[in-house]
Every structure is written in structure tokens, then in C-alpha cells.
Amino acid sequence: MKRRVFLGAVGSMASLGTLAYTTRADDDALAVRIWLSEQAGRYDGVADRVRAFLARTLALERRRVEPTVGGTVSVSTEDAARLTSRGEWPLALASGRLGRRDIDPVSGVNLLVTDGGMRDAPTGYGAPHVASVGGARHIGRLESVDDLLGNDWIVPVTTAARTMHVLLHEVGHALGLAHRHGVAVRSGDAIVTTPMLSSYAWDPDFDPAPTQCGGAIPSTGGRERLLDFAFSACARRELAVGGRDGNRSETRHRAAD
Ligand SMILES: [Zn+2]
């Protein structure tokens, strides 16, 4: 992702940096909050569905994850990637942090779901603590987390499933993960890809260099495509370390107060 675009748009990361300290003594829980654009809010059950999937897929290393819903937000566009990369959503969160908007950010992930299209990339964007993704109408008709994931969490590509997979991808970026934390492997006649690679695994324009976690991306030509909703083992290790670092920095911040 083009982080320089993001940095330039926001101007100063100082105000965003304070997002890491918005919750005090949050024990070891990972704070995740979900907002919907007004248009996304027209579909039934979107926030509940997202909350259920995040609670299941982010429950790692014994950290508690209890995603909360922040409400609906008025935005200038449903283009989810643009809302974060050009700064509108990060600035809205910063304004909320300063009490200028009715938006209450959390220390972990602040996710905005819009009704933006999921056909043409980029369909979402994630940066530390901030993410946005489109596809509310698809999430609204996605199966429940139990029905979709089954026992092995590996599911065929549908627009609805892919939308949730991309949502996990952007949340992963918000938690500090990168594409190199993704894995794509052959499984029988199929290619299985984890959230931080997602459909990049079969994107001919994506650099096929080995990922940090999973070796080279196998050729996908003609093979069935499957989505693994579990983050790769090395992504999970990274999240566990990041969580501990985050807690330490919060401790330092409180001590400095
Ligand atoms: Zn990405």
C-alpha cells in the first residue's frame, strides 16, 4: 500500500498517534470498533456480521477481542480506499478524539465499512489503527460465521466471502501486518490464500517474490481458488508481539502523564 500517499494526506501523524492511547488500562483486550457509512447502514445486520467475524478471527494468543459498534458516519463518498488514503476517515477519528465530532476512537482498530464497490481495486485501505472497506451490501447477505467457516475456515471464493476476506486484510494492516505476512499454498488442485495476501495470490501484477511467512506464491493458473480466514502462523506471531509492544507503550504514556 502507498503509505506516503496516506502520510501526505493526513499531514501530521501526531494526532493519529494519540489514537494508540485513547483507552486506559485496557488489560490485554484488543479494542476494535466498527462504524458504518450512512449508506452501509441501510443493510440489515452488517455491523453484527462484521463484529462476529472479527471476534472469531482476531481471537489470537489468548487476547480478548470484543469488537464494538461505533454507529453510522456521514462521509463524502462510499469509495472506502479513498476515505482512508486521502485522510477523511483518519481526520474524522482525530476530530472525534478531540471532542469535535461524535466519534469515539479506540486504541486498536477503527474500521469504517461503506457500500463501496468490490469489483475494482483498491476496495479498501488500512494503516496503523485505521481501516476502511466497501461491500456492505455483500456483507449483509453473508452467511453467519459458524455457517461460513465450518471447522477448517477455508471457503470458496464468492463476492460476499471475498468482501469479508478483504475486510480482514485491511484490519490486518491496521494491526501492523503487511502483505509479506500472507501465505498462499497449493492444496490438492486448489490455491489457498490467507488474509494478508488474499486475492493478490492470483493477481498477475502482484510481485510473486517469496513472502516472509510462506515462501513463493504458487502459480494459480486454472486452479480452484480458496480463501483461508485464519491469519498465517507468522502473522499471528507478529500480532502477539505487536500487542505486547502496544501495551508497553501505553504504560509508558501513562507514566509520563
Ligand atoms: Zn494490502
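Select His-169 first: at 4% relative accessibility, this residue counts as buried, since the cut-off for buried is under 20%. Note before going on that the model is predicted.

Keep His-169 selected and add the zinc ion. The NE2 atom of His-169 is one of the donors to the zinc ion, together with NE2 of His-173 and NE2 of His-179. Distances from these atoms to the metal are 2.0 to 2.1 Å. Along the sequence, the donor residues follow the spacing H-x3-H-x5-H.

Next, select His-173. Its relative accessible area is 3%, so His-173 is buried. Why are His-169 and His-173 separated by about one helical turn? They are four residues apart in helix H8. An α-helix has 3.6 residues a turn, so residues three or four places apart point the same way.

Now show the whole of helix H8, residues 159–174. The helix has 16 residues, and the distance from its first C-alpha to its last is 23 Å. That is close to the 22 Å expected at 1.5 Å a residue. Colour H8 by accessibility: 15 of its 16 residues are buried, so the helix is largely enclosed by the rest of the structure. Past the end of H8, select Gly-176, which follows the helix and has a positive phi, near 100 degrees.

Go back into H8 and select His-165. Is this residue buried or exposed? His-165 is buried, with a relative accessible area of 0%. Which backbone oxygen does the side chain of His-165 reach? It is that of Asp-228, at 2.8 Å.

Expand the selection to the contacts of His-165, leaving out residues up to four places away in sequence. One group to pick out is Thr-193, Thr-194, Pro-195 and Ser-198. The other residues touched by His-165 are Leu-227, Asp-228 and Phe-229. Asp-228 therefore appears both in this contact list and as the owner of the backbone oxygen reached by the His-165 side chain, given that contact means heavy atoms within 4.5 Å.

Finally, zoom out to the full protein chain. A cartoon view will show nine helices and nine strands. The chain has 257 residues, of which 49% count as buried. Among contacts with a separation of 6 or more, 72% are between residues 24 or more positions apart. Switch to a surface to end the tour: the protein chain exposes about 12,200 Å², and carbon and sulfur atoms supply 46% of that area.

Terms used. Residues are numbered from 1 along each chain as its sequence is written. This is a predicted model: local features need pLDDT of at least 70, side-chain atom pairs count only at pLDDT 80 or more; totals for chains, interfaces and linings use all residues. Side-chain values use heavy atoms; hydrogens and water are left out. Helices (H or I, at least four residues) and strands (E, at least two) are DSSP runs, numbered from the N terminus. Buried means under 20% relative accessible area, exposed over 50%, partly exposed in between (1.4 Å probe, protein chains only). A polar contact is a pair of N or O atoms within 3.5 Å; within protein, one must be able to donate a hydrogen and the other to accept it, and residues adjacent in sequence count only if both atoms are side-chain atoms. The expected span of a helix is 1.5 Å times one less than its number of residues. Donors are N, O and S atoms within 2.8 Å of the metal (3.2 Å for Na, K and Ca); water is not among the atoms, so sites may look incomplete. Accessible areas come from the Shrake-Rupley method with a 1.4 Å probe; for residues, only the protein chains shown count as cover.
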